[in-house]
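Work through the exercises below with the coordinates open. Each task is followed by a solution in steps.

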Protein chains: 2
Amino acid sequence: MPAEPATVISLPQAAAPAAPRRPSDLTEQRGTRRVAFAPKYGGEPVEADVRYLWCGAPDAPTVIVQGGISADRDVCSGRERAAGWWDTLVAEGAAIDLSTCRVLSIDWLVPEDIGGVASVSSEDQAAALAALVDELGIGRVQAFVGSSYGAMVGLAFAARHPGKLKSLVLLAGAHRPHPLSTAQRSVQRGIVRLGLASGRTGEALALARQLAMTTYRGSEEFSRRFAAGPEWRDGRFHFPVEDYLEHAGRRFVERFDPERFLALSESIDLHDVAPEDISAPTTLVGFPSDRLVPLADLCELQRRLGGTATLEVLDSPYGHDAFLKETVQLAPVLRQALNDCYGVPKP
Amino acid sequence: MPAEPATVISLPQAAAPAAPRRPSDLTEQRGTRRVAFAPKYGGEPVEADVRYLWCGAPDAPTVIVQGGISADRDVCSGRERAAGWWDTLVAEGAAIDLSTCRVLSIDWLVPEDIGGVASVSSEDQAAALAALVDELGIGRVQAFVGSSYGAMVGLAFAARHPGKLKSLVLLAGAHRPHPLSTAQRSVQRGIVRLGLASGRTGEALALARQLAMTTYRGSEEFSRRFAAGPEWRDGRFHFPVEDYLEHAGRRFVERFDPERFLALSESIDLHDVAPEDISAPTTLVGFPSDRLVPLADLCELQRRLGGTATLEVLDSPYGHDAFLKETVQLAPVLRQALNDCYGVPKP
């Protein structure tokens, strides 16, 4: 794959370190770097092209930010994109403040990116990030903020590359997948394989996404939004929740391909990190309504972590997706956890 | 369909009503009766062949017992069958004591049984049962004990045919399907329709059953049973929970057909009974680990029922399937609820 040219936007630093930073005093690199590492299920070391975004205050400490399997490196808005997937929380003046830190994020690797191995692991993603940290001359990141699969990769990063980070902030992700969640993802993969085998890939991927949506959102939210009765349409009854699920399924098919889905879904279920191996100070954030990553698993993770660990529990009707939806509740928690990150006094 | 000949096993009654009943003093009818009713989504009244089992003490009051959509009329063991689906709780001397009451149960009707209507409703099942009660000369049943879909049909029976029953006992079923559960069943039906359209019906039905299993069982049970890591086999990783699900899927395909599954699954989601319309005294039994029928819905049902209503909450790791698994806990609850049923002194 040809390396994507990095867009580098670099402006002169403010003269006095204490002076308020203007919005334009930001740097943004959005490009590709070739890195080398040995994949967990590969054996031989491989070279892989990693697509990354690195943006924020040019002289500030770097914070890695990674989301779920369907999130990409575009965590915040920028010059050539209107929106990032977490841009309420990652922006100038936001909880992850681009005027006082520099955010690094990558597109998840899939097996075809790393020599066509059978499976990609959370450790592989962590190894690619660690190699990228070296390539970019960062040395040590201030924090790794990971949500969902990103939290799993954060744990793998802290366990395998302890010298490359100072702290962890993990939302809705744990040291292991819950076996019930593995069961639900296994069925999703079964649906996609059935679609691939029968030439009905789009329909199957949409159905798998529909199933995933039933695991992401809270039970109360479903109850409140979809209480109405069915409608007779096109020869059968349609339930209100079906229209919602079908819409979500169609949108997913437009932006995701089945092989990528299979690989990253499996990667969640292969994740297995011993919390005892992690010494970095860690802030965990969990949601009681999250059925995909039960709070009990975050409690166990907190107990077993090798370093200091805080667990913040936030009430939300949004289940696992609370890490995307509860921006108002999350902002102060993230600010507190990243407090050490702000090397430049705030305006 | 030709009427199945009823097997009638009838032995002389004990001479003195107070004498202990011998095991052989039981009657069993297992046959088919033609009944007439107007299906909810049909318009015209239809005649339908109802396959039923009616067994127990010949002079005792009748108790209707119905289970989930995959249960059949064979609720207890008998002369020609080694096991019934609830035979720990329905037997001589058991909580539903065949020596002091007589149990009636039917095979669920599907659209092809009732004139090929588009959909079958819980009211249709209740109407068929009510007509059967008349056909058999029962007059009024002592209780309707319904679990899961059977509880929904019990509510429909009590709302539409109040003169035909004295009391209701409902386990893990409510006046409405929870919208999240509707979402999960909608995806199951989508999988089966994909299978029918692509000629891979068996695989699809098995996958739908796998998904159903993830909704029936408790989260803690999955966590305890399937904590081990994956195995590499046949070209991909297999997770312990997948072996369990695949086994359950294969077994289901052997005994169920896709059209029946589609119709009964949809029937659950079409269920809608106003609790205020029900005046029969009701015992509700719910399980906090039941994610398919949340306890909150049983609490709402209890509040809204028109007659007296008791809610028994039983702890169990087995989720929705607790009504099948928690026989030791359920026995005293059922005995208490059916107390009025025992017209003959116990030996």
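**Exercise 1: a helix residue**

Task: For B:Val253, state which helix holds the residue, how accessible B:Val253 is and which residues B:Val253 touches beyond four places in sequence.

Solution. The structure is a predicted model.
- Step 1. B:Val253 lies in helix α6 of chain B, which covers residues 240-255.
- Step 2. The relative accessibility of B:Val253 is 30%. Partly exposed runs between the 20% limit for buried and the 50% limit for exposed, so B:Val253 counts as partly exposed.
- Step 3. Leaving out residues up to four places away in sequence, B:Val253 touches B:Gly202, B:Leu205 and B:Ala206.
- Step 4. A C-alpha distance can be added: B:Val253 and B:Arg209 are 44 residues apart along the chain, and their C-alpha atoms are 8.5 Å apart.

**Exercise 2: two positive phi values**

Task: A:Asp234 has a positive phi, and so has B:Ala172. Locate each residue and decide whether A:Asp234 is buried or exposed, then do the same for B:Ala172.

Solution.
- Step 1. Phi of A:Asp234 is near 50°, and the residue is not glycine. A:Asp234 sits in the loop between β10 (231-233) and β11 (236-238) of chain A.
- Step 2. With a relative accessibility of 71%, A:Asp234 counts as exposed.
- Step 3. B:Ala172, also a residue other than glycine, has phi near 50°. Its place is the loop between β9 (165-171) and α3 (179-198) of chain B.
- Step 4. The relative accessible area of B:Ala172 is 1%, so B:Ala172 is buried.

**Exercise 3: a helix pair**

Task: Describe how α1 (residues 122-135) and α2 (residues 149-160) of chain B pack.

Solution.
- Step 1. The angle between α1(B) and α2(B) is about 65°, and their axes are 8 Å apart.
- Step 2. Angles of 65 to 115 degrees count as roughly perpendicular, and α1(B) and α2(B) are therefore roughly perpendicular to each other.
- Step 3. The crossing of α1(B) past α2(B) is right-handed.
- Step 4. Contact residues of α1(B) include B:Ala126 and B:Leu129, and those of α2(B) include B:Met152 and B:Phe157.
- Step 5. By class, this contact of α1(B) with α2(B) has eight nonpolar, two polar and two charged residues.

**Exercise 4: confidence**

Task: Where in chain A does pLDDT stay under 50?

Solution.
- Step 1. Chain A has a mean pLDDT of 91, and 91% of its residues reach 70 or more.
- Step 2. Residues 8-22 of chain A stay under 50, with 23 contacts beyond four places in sequence in the model.
- Step 3. Residues 341-347 of chain A are also below 50, with 22 contacts beyond near neighbours in sequence.
- Step 4. Where pLDDT is low, predicted coordinates should not be read in detail.

Conventions: Residues numbered from 1 in each chain as written. Chains lettered and ligands numbered in written order. Predicted model: local features only at pLDDT ≥ 70, side-chain atom pairs only at ≥ 80, totals over all residues. Heavy atoms only, no water. Axes fitted to C-alpha atoms, helices over the stretch in contact; angles between N-to-C directions. Helix = DSSP H or I, 4+ residues; strand = E, 2+ residues; numbered from the N terminus. Parallel < 35°, antiparallel > 145°, perpendicular 65-115°, else oblique. Left-handed = near helix turned anticlockwise from the far one by under 90°. Contact = heavy atoms within 4.5 Å. Nonpolar A, V, L, I, M, F, W, Y, C, P; charged D, E, K, R; others polar. pLDDT = per-residue confidence, 0-100. Buried < 20%, exposed > 50% of the residue type's maximum accessible area, 1.4 Å probe, protein only.
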